[in-house]
Amino acid sequence: MKNAREFVWPLIGFVAVIVSGYLLYRELRDISFVTVWASLAAIPPQRYLFAGLSTLVAYAALAWYDRIALLHLGVHHISWLFVSVCSFTTYALSHNIGASVFSGALVRYRAYTSKGLAAPQVAVLVALCSFTFGLGTILLGGLVLTIKPDLLSRLEGAGLHNWLTNPTAARVLGLALLGFVALYVVGSLLHLKPITIFKFRLDYPRPAVMVRQLVAAPLELLGAAGIIYFALPAHLEPSFLTVLAVFLASFSAALASHAPGGLGVFEIIFITAMPDIPKPDVLAALLIFRFFYLLIPFMMALVVVLLFERARLAHSWRDRMGPATSPPPPGTPGPPV
């Protein structure tokens, strides 16, 4: 069964790419490259700068995920620089490749075991980082749906059920999401016993860890959504809250699809949910998002992985060869016969 699951998720991702790619082709077949290029050229330089700064905010918050998990484990000897590089590499690879050999677990295992962490500790770190991201999505999603429940109506064209696009139902869903976050906060403050759901066990972290989670996770999502927000036309852009809501829905669907980089899934939902903005402008903003948030970090992460593995290989080779023995200087008498 385990081997079957290893093939099922990549297959699901492949099917998601095919289906969403076809839908995206139908949506964009009348758009020429020239119009998209014109939309990219029309973006002022300062907005490119703001999009770049938003990327830095997002990846700085992702590095904070790892630091929070290490704090939960009581590990303090690993430097911020190492944690930041490890986190950056992990997310840059997993965001682009998806559920593959370069998963967050494998990259973090290779990195953190070199710093003395045991495999169970790395497993807890990976799980807590994933939960922190999920917590941020739930928190922001709950806030958006509670404040502006009519935003889900934008997703009617994406095949969302009518009852979900109803403002009352959306607000109830938002309050339920916030209720989950509130229960998590209370469980941490009162040191409640762990919750076990099937094979998943949730240990409430200390309040100091919980508070950091509630700051870091939304910060990462706000930074990622900010890339698209600043890339949209200044005179046509909707409110940041609208962009954030559409981003949360698109990004969550892309992750759930297991498509590499959410390719096609992310774009089709985002474009469908932005009917009030010309499609070339939305597509240009999404291209900038992929370039800043996915492609540039991915290329940098490949270099980091190559350098890290090269250093590990050199270290292993030195250990295998043992201490080097230098030849005796000239004129030194040999051993007695």
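A residue counts as buried when its relative accessible area is under 20%, and as exposed when that area is over 50%, with partly exposed in between. Keep that cut-off in mind as we walk through this structure, which is a predicted model.

Let's start with the overall plan. The chain has twelve helices and two strands. Following the sequence, you meet them in the order α-α-α-α-α-α-α-α-β-β-α-α-α-α. Of the 337 residues, 41% count as buried. Now look at contacts between residues with a separation of 6 or more: 71% of them join residues 24 or more positions apart.

Our first stop is Tyr 65, which sits in helix 3, spanning residues 45–73. Is Tyr 65 buried or exposed? Its relative accessible area is 1%, which is under 20%, so Tyr 65 is buried. Who are its neighbours? Leaving out residues up to four places away in sequence, Tyr 65 touches Tyr 91, Cys 129, Thr 132, Phe 133, Ala 216, Ala 217 and Glu 220. You can also compare sequence with space here: Tyr 65 and Leu 125 are 60 residues apart along the sequence, while their C-alpha atoms are 9.1 Å apart.

Right beside Tyr 65 in the sequence is Trp 64, also in helix 3. Trp 64 has a relative accessible area of 24%, so it is partly exposed. Again leaving out residues up to four places away in sequence, Trp 64 touches Trp 80, Arg 212, Val 215 and Ala 216. Trp 64 and Trp 80 are 16 residues apart along the chain, and their C-alpha atoms are separated by 9.1 Å.

Both of these residues take part in the meeting of helix 3 with helix 4, which covers residues 80–97. The axes of helix 3 and helix 4 come within 8 Å and cross at roughly 115°, and the crossing is right-handed. On the helix 3 side, the residues in contact include Tyr 59, Leu 62, Trp 64, Tyr 65 and Leu 70. On the helix 4 side, among them are Trp 80, Val 83, Phe 88, Tyr 91 and His 95. Sorted by class, this contact has twelve nonpolar, three polar and two charged residues.

Helix 3 also packs against helix 9, at an angle of about 160° and with the axes 8 Å apart. Because that angle is over 145 degrees, helix 3 is roughly antiparallel to helix 9. Helix 3 passes helix 9 in a left-handed crossing. Their contact contains 19 nonpolar, six polar and three charged residues.

Helix 9, residues 207–231, has another partner in helix 6, residues 119–147. These two pack at an angle of about 70°, with their axes 8 Å apart, and are therefore roughly perpendicular to each other. From helix 6 come residues such as Leu 128, Phe 131, Thr 132 and Leu 135, which meet residues of helix 9 including Gln 213, Leu 214, Ala 217 and Leu 221. The residues of this contact divide into eleven nonpolar, four polar and one charged.

Next, let's look at the nonpolar cores. In soluble globular proteins, nonpolar side chains tend to be buried together. In this model, the largest nonpolar core has 69 residues. Those with the most contacts inside it are Tyr 112, Ile 228, Phe 247, Phe 266, Phe 270, Phe 289 and Tyr 293. Helix 12, residues 279–321, gives the most to this core, with twelve residues. A second, separate core has seven residues, including Phe 131, Leu 135, Tyr 184 and Met 210.

Which residues does Phe 247 touch? Not counting those up to four places away in sequence, they are Leu 221, Ala 224, Ala 225, Ile 228, Ser 252, Phe 266, Phe 270 and Phe 289. Two of these, Phe 266 and Phe 270, are also touched by Ser 250, along with Ile 269. Ser 250 belongs to helix 10, residues 240–257, and counts as buried because its relative accessibility is 0%.

We finish with His 191, in the loop between helix 8 (167–189) and strand 1 (195–197). His 191 has a relative accessible area of 60%, so it is exposed. Its phi is near 55°, a positive value in a residue other than glycine.

Terms used: Residues numbered from 1 in each chain as written. Predicted model: local features only at pLDDT ≥ 70, side-chain atom pairs only at ≥ 80, totals over all residues. Heavy atoms only, no water. Axes fitted to C-alpha atoms, helices over the stretch in contact; angles between N-to-C directions. Helix = DSSP H or I, 4+ residues; strand = E, 2+ residues; numbered from the N terminus. Parallel < 35°, antiparallel > 145°, perpendicular 65-115°, else oblique. Contact = heavy atoms within 4.5 Å. Nonpolar A, V, L, I, M, F, W, Y, C, P; charged D, E, K, R; others polar. Core = buried A, V, L, I, M, F, W, Y, C linked by side-chain atoms within 4.5 Å. Buried < 20%, exposed > 50% of the residue type's maximum accessible area, 1.4 Å probe, protein only. Left-handed = near helix turned anticlockwise from the far one by under 90°.
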